[in-house]
Amino acid sequence: MEANYEIPCVKIFYHNKIKDIKKINHIVFGLEEEGIPFELSPQDEVSDIKLSYNASLNSKVEVGIGVNSSLISLHYRKLDANKPLFTIKFDDEIENLRKLGTNAARLVKGIPFK
């Protein structure tokens, strides 16, 4: 019998037309610094808000990040589907991308945001 166990992690759903995911790596660095696992998944959806909300619905820790070519949103499953917690520009400074990842991890941990 094969076990179907999924590690609790923050899901990062990004639009599948994004080929260069270097920007997403900076979000991941913020998660890693806080010791929270993540999973990247390309999606057909274009809306950053829908991507982030769907990611939160698919995450056992109820936290999701959605990325399209212009915006990045951080969502929590218990929030209104159309109101993410944070949204930043895809071309924002590297420090802000990392901070978004850090804040996603802190949401999971239940500690104050940066």
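Begin by selecting Ser41 and Gln43 in this predicted model, where the side chain of Ser41 makes a polar contact with the side chain of Gln43 at 2.8 Å. Ser41 belongs to strand β2, which covers residues 38–43. With a relative accessible area of 16%, Ser41 falls under the 20% limit and is therefore buried. If residues up to four places away in sequence are set aside, the residues that Ser41 touches are Ile12, Phe13 and Tyr14.

From there, move to strand β1, residues 10–15, and display it together with β3, because the next part of the tour follows their pairing. The two strands run in the parallel sense and are joined over four bridges. Within this pairing, select Ile12 and look across to β3, where Ile65 stands opposite.

Now colour the whole of β3, residues 63–67, by accessibility. Is this strand mostly covered, or is it mostly open? Five of its five residues are buried, so the strand counts as mostly covered. Turning the strand over shows that this holds for both faces: Val63, Ile65 and Val67 lie buried on one side, and Gly64 and Gly66 lie buried on the other.

Just ahead of β3, select Glu62, which lies in the loop between α2 (48–58) and β3. The backbone here deserves a pause, since most residues other than glycine have a negative phi. Glu62 is not a glycine, and yet its phi is positive, at about 65°.

Following the chain out of the other end of β3, select the three residues of the hairpin that joins β3 to β4. Strand β4 covers residues 71–76 and runs antiparallel to β3, with five bridges between the two. To find one position in this pairing, select Val63 and then Tyr76 in β4, which stands opposite.

Next, select Val67 and show its surroundings. Which residues does Val67 contact, once its neighbours within four places in sequence are left aside? They are Ile12, Phe13, Tyr14, His15, Ile18, Ile24, Ile27, Leu51, Ile72 and Phe90.

Val67 also leads into the largest nonpolar core, which has 21 residues, and is among the members that touch the most other members, together with Ile12, Ile27, Leu31, Ile65, Ile72 and Leu100. Two or more residues of this core come from each of β1, α1 (22–33), β3, β4 and α3 (94–109). The largest share, five residues, is given by α3.

For the last stop, select Phe86, which is found in strand β5, residues 86–89. At a relative accessible area of 29%, Phe86 is partly exposed. Not counting residues up to four places away in sequence, Phe86 touches Ile72, Ser73, Leu74, Leu100, Asn103 and Phe113. A distance label drawn from Phe86 to Glu33, 53 residues apart along the chain, gives a C-alpha separation of 19 Å.

Keep Phe86 selected and add Phe113. How many aromatic pairs does a search of the whole structure find? The search finds one. The ring centres of Phe86 and Phe113 are 5.3 Å apart and their planes stand at 80°, so the pair is edge-to-face. This pair links distant parts of the chain, with Phe86 in strand β5 and Phe113 in the segment after α3, 27 residues apart. Phe113, at 36% relative accessibility, counts as partly exposed.

Note on methods:
Residues are numbered from 1 along each chain as its sequence is written. This is a predicted model: local features need pLDDT of at least 70, side-chain atom pairs count only at pLDDT 80 or more; totals for chains, interfaces and linings use all residues. Side-chain values use heavy atoms; hydrogens and water are left out. Buried means under 20% relative accessible area, exposed over 50%, partly exposed in between (1.4 Å probe, protein chains only). A nonpolar core is a set of buried Ala, Val, Leu, Ile, Met, Phe, Trp, Tyr and Cys residues joined through side-chain atoms within 4.5 Å. Contact means heavy atoms within 4.5 Å. A polar contact is a pair of N or O atoms within 3.5 Å; within protein, one must be able to donate a hydrogen and the other to accept it, and residues adjacent in sequence count only if both atoms are side-chain atoms. Rings of Phe, Tyr and Trp (its six-membered ring) pair if their centres lie within 6.5 Å; planes under 30 degrees apart count as stacked, over 60 as edge-to-face and the rest as tilted.
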